[in-house]
Amino acid sequence: MKHALAAALLFCASTQAQDPPLTLDTHVDIPLSYMQDPKFDAGKDGPLKVDLPKMRRGGLDAAFFVIYVEQGRLTPAGYAKAVAQAARKYDAIDLMLKRYPDQIRLARTPDDVRANKAAGRLSAMIGIENSYSLGHDLKRLDAAYARGARYVGLAHVGNNDLCGSSLPDKDLGDRPDSNLGLSEFGRQVVRRANALGMMVDVSHASDACVRDVLALSTAPIIASHSSARAVTDHPRNLPDDLLSAIAGKGGVIQAVAYKEFLKKDPAREAAEKALQARVAHEAGDKAYESEKHDYLPAYIEGMKAIQREHPLATLDDFLDHIQHMVKVAGVDHVGIASDFDGGGEITGWMDASETRNVTAGLKRRGFSDDDIAKIWSGNLLRVWAADEAVATASLDSLVDEAMARYDIPGIAVGVIADGKVVYTRTAGTLAAGSARKVDSRTLFKIASNSKAMTTALLARLVAAGKLHWDDPVTKYLPDFRMNDPWVTREIQVRDLLIHNSGLREGAGDLMLWPEPNRFTRRDILAGLAYLKPEHSFRSRYAYDNLLYVVAGEVAAAAGGAPYETLLRREVFTPLGLSRCQIGSWSRDGVGNVAQPHRHGERGNVVTNADPATIPDITSAAAGGVRCDLDDMLHWASNWLAPDASQLAWLDAKQREPLWSIQNPMPVGQRRKAWNDTHLYGYGYGWRLADVDGQWSVSHTGTLSGMYSTVSLLPEKRSGFVVMMNGGSEDARDALAEAILKRFTVPGERHTVGEYADRILAEATAPGASRAPDTSSRVAASADGAKAFLGVWRDPWFGEVSICPAKGGVAFAAARSPAMTGTLERVDGRYLVQWKDERMDAEPWLDLSAPDRLRLTKVDPDADFSNDYEDLDFARVRACP
């Protein structure tokens, strides 16, 4: 996707011109009753200056239909009225597109415009005229973008909450010479438009505002309908220095065919004002409203009379402006707008049916076919693509920053906006020292993001009537046991998924990790009976993995096939997740598999490298899936914007419980500080929260040197996926937060470095670390540690040996080969120093009785999957 946007950037208006050229009008107004009043049905040849028949007859291929609202008071009532009027116009454009899909399609990108032209269809785009309609709420800009708006005009007649107008309105209390620049809200709108890839439009803005926008915007800007002040001295036109400045920043100025901006005629202007007042009075209204009165017979006849006495500006007047603008700004920076149905009309181009006259006029003035193609559409499409690329580059900068800050070996990132994939980025390599680059088909471990796939599988079985969420687990697994017999009887399928079992956080995870080990799912089912609860059943949230393994076995029992078979059949295949893997598979046969890394003394080092045959792992249902970026984006899109086939796969009723809070979660200080979160909870395989006032559905994954995030904003139909084969949880979280803020607080600028620094500050704050100083450690001797010597057995973990070896004392777990190390003494206590880098937390060894051994984490805040506290060893024999 990044490369596609880059290719769009390379589109040059000097490419071979089409014959005829692709014609694009950047400013067409629509009345408030558009598509509702039969006479304003765009599919019929009626009083509108731009309708589909006229576009066809005149050869107008594409038009920006604008969401215009009149400037009003900056009051709650004023904003509410403007927002409502804008919504009505968006709905009207939607209705036109739905009513005439074979004739005209919405174009959201420059490529869409070209594709529509190639297919013989017209293109509709959407622009905003007067951001008063945002109602002083930046989130509405995102909503407008989602509805198709691709440029945002800041002002109209009268100053507003964004900036000054070229025509201040004394009735609104504006000083005639106010010339106001951008307000802080205006700056937020410009920054957010840049982040979205939306063009900023300075037509109607004051000169001071235009200068502020030029200084602030990181992307080229446009004037969607403005002509040259040097030719016709009107404040709505732009002076030569601003024409040059907009061009100098790569932008484009769209010359407008609006009568009084092309030819000064005070007598005509006075006659029009008198006519407007008379028609409004005769209609029983206090003031003239163009949308209401322009189409009345009295107004139409009156305008004909005025035209006879005071002729309109002509096509030649319009071409004079274009020629001057080309001379000042360059032919690569001038375009065309009509302002039809908003007052625009000139003799020779009275409506869209006369569009070919403009092309003919340009030819008469000596413009080449290539230059005409630039002026009609090439320049505007180039700027549009450039603005999209700036938005992409802003995401690129976050990825680049994360990779540099945390030395991430390989990464894949994808972003969805309004249900469409708008950005992908891959970087780095599959393995340190490898020349093979990560791409969108590289497989990563998604770790605990597998849980949502497991719950989707269960939801499919529920939909098929093969199980119910509230069924007892023992209905499917008769031998299943928890430590408390009452819990064994009462625990339901849903309880397996929401971390409310009463077990300690991460209880029994040593049967899953580190990998590989010799524990089976049968061992887990047996071992659960020995894991003592830390809390009462259903009383609180404490994350676990073992019960997801049990859920996988429930699915197998209910579905009549192994978990892996069911996941492929019920999830991967129907959703088209063609590269996702589960169970045992060939590393080289599948190919393009990222390897996990840890940070070593000389940089990234592959850890726990995959064998030629990837084994079926015990933890599959909790964290055993691997997918590539393409499939993960398809997976995310299935939740954000499901199509008919995806809803047939799992309908809205079955999806609802997955994204409903089933178990409340405590809101941590970081979430409060970073996201202003008030509500946090766990659904079925998803975490749910309010983030900056928006609903968020997400999950993370961490496994053996790999890290992932799936973060979705359902109300925006937007979200993103991050997968990394190294770095750290901090790297993942800092990057994910910076991307998330692009959606939730779009007017703010946040970086990976900002969140990385905040994470570091948390970790280094006084009292933040509870890890004791163990630097005085020395190797234990067999004599000094004789009380610990022997073979010990825990009822769920099995045997470990603590025996003399090579002048010291060795610790070895019989069923977990990575758990081997040596005993070291720190003052009066002993700990195990692991040999394998996969073991990232050391345990203290303590004798609770002469033949009873307990383990606890040296660092109490180490990863909870180092579940030493649930081990209770009894000495069973002496060392061999």
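In this predicted model, strand β2 and strand β4 (residues 122-129) run parallel to one another and are joined over 7 bridges, with Ile67 standing opposite Ile128 in β4. Strand β2 also pairs in the parallel sense with strand β1 (residues 24-28), here over 3 bridges, and in this pairing Val28 stands opposite Phe65 in β2. Between β1 and β2 the chain passes through helix α2 (residues 52-58), and the resulting β-α-β crossover is right-handed.

The two pairings of β2 are set out below.

| Pairing | Sense | Bridges | Citation |
|---|---|---|---|
| β1 and β2 | parallel | 3 bridges | |
| β2 and β4 | parallel | 7 bridges | |

The surroundings of β2 can be described residue by residue. Because 7 of the 7 residues of β2 (residues 62-68) are buried, that is, each has under 20% relative accessible area, the strand is largely enclosed by the rest of the structure. Both of its faces are covered, since Ala62, Phe64, Val66 and Tyr68 are buried on one side, and Ala63, Phe65 and Ile67 are buried on the other.

Turning to the chain as a whole, there are 28 helices and 32 strands, and the C-alpha atoms fill a box of roughly 115 × 55 × 50 Å along the principal axes. Of the 880 residues, 58% are buried, while the chain exposes about 33,400 Å², of which carbon and sulfur atoms supply 51%. Among contacts with a separation of 6 or more, 67% are between residues 24 or more positions apart. The chain carries 104 positive and 116 negative side chains, and the centres of these two sets lie 3 Å apart.

Terms used: Residues numbered from 1 in each chain as written. Predicted model: local features only at pLDDT ≥ 70, side-chain atom pairs only at ≥ 80, totals over all residues. Heavy atoms only, no water. Helix = DSSP H or I, 4+ residues; strand = E, 2+ residues; numbered from the N terminus. Buried < 20%, exposed > 50% of the residue type's maximum accessible area, 1.4 Å probe, protein only. Contact = heavy atoms within 4.5 Å. Areas by Shrake-Rupley, 256 points an atom, 1.4 Å probe, with all protein chains shown as cover. Lys, Arg positive; Asp, Glu negative; His and termini not counted. Charge placed at Lys NZ, Arg CZ, Asp CG, Glu CD. Pairing = 2+ DSSP bridges. Right-handed = clockwise from strand over helix to strand, strands pointing away.
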